[in-house]
Amino acid sequence: MISIKGAGGDAGYGRVMSASHLAVEDPRRARAWLKAQGRPAQASLGRAAALTVLDAAPAVGFAAGLAWAISAFDDGLLAMIPGLGVALISLGARGLLAGQALLAGGRAAAEVKASVRSRALASLFAGRAVPLSTAMEGVEALDGHYARFEPARVSASVTPLLLIAVAALASPVAAGILLFTLIPFVLGMALAGTAAAGESRRQFAALSRLSGLFVDRVRALPAVLAFQAEDRVTHDVATASEDLQRRTARVLRVAFTSSAVLEFFSALSVALVAVYCGFNLLRLLPFPVPETLDLGRAFFVLALAPEVYAPLRRLAAAYHDRQAAEATQHTLEDAVPAVCPSPAATVAALPRTPPAIRFDGVTIRYGSAPPAVLRFDLDVRPGQTVVLTGASGAGKSSLLHALLGIAPVTEGRILIDGRPMAELGCLAGSVAWASQAPVIVPGTLGENIAVADRSACRRRLMAAAAAAGLKGDLDRRLDERGGGLSGGETRRLALARALLKDAPVLLLDEPTADLDRDAERALIEVIRRAAAGRTTLIATHSAAVTALADRVVRL
């Protein structure tokens with residue numbers, strides 16, 4: 001049998017593995033990076049942590065209300081009502097605090113994700129090799145860390161000691177028991193957490209191996225079929241799947257063991273407090289103590305004892321969120337620059353009049369590959385229509401992408417009305433753009449046209465669709481693959497967007513490619529109308545489109 005390697009598959013597989021292994025080998029670096037990413041959301045994180053710690057107050061109120069009611073039991077049911085009322089109010093307050101803490105944690109996670117995702121996308125648009133999945137799935141893995149784990153971590157380090165201090169006001173001996181049993185509880189949680197962390201990281205590594213292997217084999221599927229390597233590929237994927245299954249089972253075993261350890265020490269602590277309170281009330285303690293409990297104080301301590309361990313349980317439940325965030329740290333760290341550029345610095349607003357565009361010695365290079373464009377010079381006058389033509393791979397699309405800010409200008413500069421584009425920032429907001437493969441979003445035809453201008457009313461959408469020659473109801477449903485549109489209609493959709501957007505610059509990339517002669521002829525007039533009154537650059541192989549140009553540049 002042969003081993004199949006798809007184009008780029010092994011490189012991608014290696015990147016996945018290296019990211020996973022680095023996250024395993026250097027968790028302190030991962031935690032430092034996660035802490036740095038949380039700085040834009042410090043206010044929301046602080047609010048979430050404060051609300052989580054404040055949960056101790058209604059917990060004390062509930063225990064005090066129950067103790068008050070139990071103490072008044074001998075005086076009749078009416079005497080118990082105030083205590084029960086305090087307990088019920090405390091329960092309501094606890095629910096409100098928990099809800100607000102969840103909202104604050106969710107807001108903090110949203111702020112962090114928005115900051116990280118904007119930087120990842122900025123890197124992508126600047127021409128860095130950033131997988132789009134990094135800006136989507138990778139960023140989503142940060143959600144639980146900031147929404148749940150960070151508030152739980154603060155609460156677990158503060159709330160148990162606060163509750164033990166409150167319990168000491170009623171019974172110093174019972175508080176001593178809680179403090180004494182808290183030590184092995186924390187040690188057990190740390191040991192179990194360390195074991196769970198190791199197994200969880202190994203599980204992430206196995207998942208990365210399986211993902212990389214699967215992507216590699218899908219890319220190489222034609223070669224797999226051509227060389228009849230289906231059995232070998234099936235065996236490789238099955239082996240990686242079984243490895244992931246074994247490691248997942250180990251994670252579950254460690255998780256169940258750690259839960260058992262935590263529950264054992266928690267139950268032991270509550271049981272010791274209960275035994276002490278019971279024997280103290282009955283005056284049957286076999287050793288002298290410096291206190292004599294009454295029913296109210298004993299019941300207060302008993303009701304408060306389980307609350308001492310509740311924050312630690314929440315921390316243990318959120319520990320997996322931390323592992324998920326740490327596992328994606330290295331990939332995100334490579335993709336996300338340290339500073340997020342402000343929107344004002346990255347989005348340029350051009351004048352409404354057509355600008356002059358100048359390419360001054362522009363070189364475009366992707367990574368270590370040979371230049372896609374080498375020392376290109378061109379002056380485009382305001383309102384001029386320029387056609388870029390040449391063989392495939394000559395750099396026509398790259399020049400249009402450079403104007404959009406999604407191709408790296410490694411040498412030279414682009415000037416807009418004499419101002420360097422590097423100073424203006426991204427021109428995407430001031431450019432009408434029709435690509436070779438326009439993005440289709442799930443929704444209606446009208447919603448897909450409105451991508452170019454969200455403020456457009458239905459009348460403007462209908463006018464743009466009619467001008468582009470799109471027939472049919474604007475409410476026609478489309479899927480993300482463009483189901484429901486022919487190839488010609490997809491091109492017309494891109495042109496309808498360009499017509500809808502009131503922008504001084506128009507960029508068209510192969511607007512009539514793959515169309516028959518009649519369909520192309522029908523689109524020529526649409527392109528002419530779209531280019532009127534704008535500075536226009538068109539990349540094309542079509543002689544019919546070239547005839548529209550004021551100037552033709554052959555690359």
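**Entry 1: the antiparallel sheet**

I begin with the rule I need for strand partners: two strands pair if DSSP finds at least two bridges between them. The model I am reading is a predicted one, and I looked up strand E1 (residues 357-364) and strand E2 (residues 373-380) before anything else. E1 and E2 pair in the antiparallel sense over five bridges, and within this pairing Phe359 stands opposite Leu378 in E2. I then followed the sheet outwards and found an open sheet of four strands, in the order E2-E1-E4-E5, with antiparallel pairing. Its edge strands are E2 and strand E5 (419-420), each of which pairs on one side only.

**Entry 2: the aromatic pair**

I searched for aromatic pairs and the structure holds one. The ring centres of Phe359 and Phe376 are 5.6 Å apart and the planes stand at 70 degrees, so I record the pair as edge-to-face. Because Phe359 lies in E1 and Phe376 in E2, the pair ties together parts that are 17 residues apart in sequence. I also checked the exposure of the two residues, and both Phe359 and Phe376 are buried.

**Entry 3: the parallel sheet**

I next traced an open sheet of five strands, which has the order E6-E9-E10-E3-E11 and parallel pairing. Strand E6 (431-434) and strand E11 (551-554) are the edge strands, each pairing on one side only. Direction ignored, neighbouring strands of this sheet are turned by 15 degrees against each other on average. I looked more closely at E6 and strand E9 (residues 505-509), which pair in the parallel sense over four bridges, and I noted Leu507 in E9 as the bridge partner of Trp433.

**Entry 4: helices on the sheets**

Which strands of the parallel sheet does helix H15 (residues 396-404) lie across? I find that H15 lies across strand E3 (385-389), E6, E9 and strand E10 (535-539), running at about 145 degrees to E9. H15 also packs on the antiparallel sheet, where it touches E1, E2 and strand E4 (409-416), and its direction makes about 115 degrees with that of E1. H15 is mostly covered, with seven of its nine residues buried, among them Lys396 and Ser398 as well as Leu399 and Leu400. Just after H15, Gly405 takes a positive phi of about 85 degrees. Helix H19 (residues 487-500) lies across E6 and E9, and runs at about 175 degrees to E6.

**Entry 5: a helix pair**

I turned to helix H10 (residues 230-281) and helix H11 (residues 295-317), whose axes come within 10 Å and cross at roughly 175 degrees. With angles over 145 counted as roughly antiparallel, H10 and H11 are therefore roughly antiparallel to each other. The residues making the contact include Leu262, Val270 and Leu281 of H10 and Leu295, Leu302 and Tyr309 of H11. By class, I recorded 14 nonpolar, two polar and two charged residues in this contact.

**Entry 6: positive phi outside glycine**

I checked phi values last, keeping in mind that most residues other than glycine have a negative phi. Arg375, which is found in strand E2, has a positive phi near 45 degrees. Glu510 also has a positive value, near 50 degrees, and its place is in the loop between E9 and helix H20 (517-531). Are Arg375 and Glu510 buried or exposed? I noted that Arg375 is exposed, with a relative accessible area of 56%, whereas Glu510 counts as buried at 9% relative accessibility.

Terms used
Residues are numbered from 1 along each chain as its sequence is written. This is a predicted model: local features need pLDDT of at least 70, side-chain atom pairs count only at pLDDT 80 or more; totals for chains, interfaces and linings use all residues. Side-chain values use heavy atoms; hydrogens and water are left out. Rings of Phe, Tyr and Trp (its six-membered ring) pair if their centres lie within 6.5 Å; planes under 30 degrees apart count as stacked, over 60 as edge-to-face and the rest as tilted. Helices (H or I, at least four residues) and strands (E, at least two) are DSSP runs, numbered from the N terminus. Buried means under 20% relative accessible area, exposed over 50%, partly exposed in between (1.4 Å probe, protein chains only). Axes are lines fitted to C-alpha atoms, for helices over the stretch in contact, and angles run from 0 to 180 degrees between N-to-C directions. Contact means heavy atoms within 4.5 Å. Angles under 35 degrees count as roughly parallel, over 145 as roughly antiparallel, 65 to 115 as roughly perpendicular and the rest as oblique. Ala, Val, Leu, Ile, Met, Phe, Trp, Tyr, Cys and Pro count as nonpolar, Asp, Glu, Lys and Arg as charged, and the others, Gly among them, as polar.
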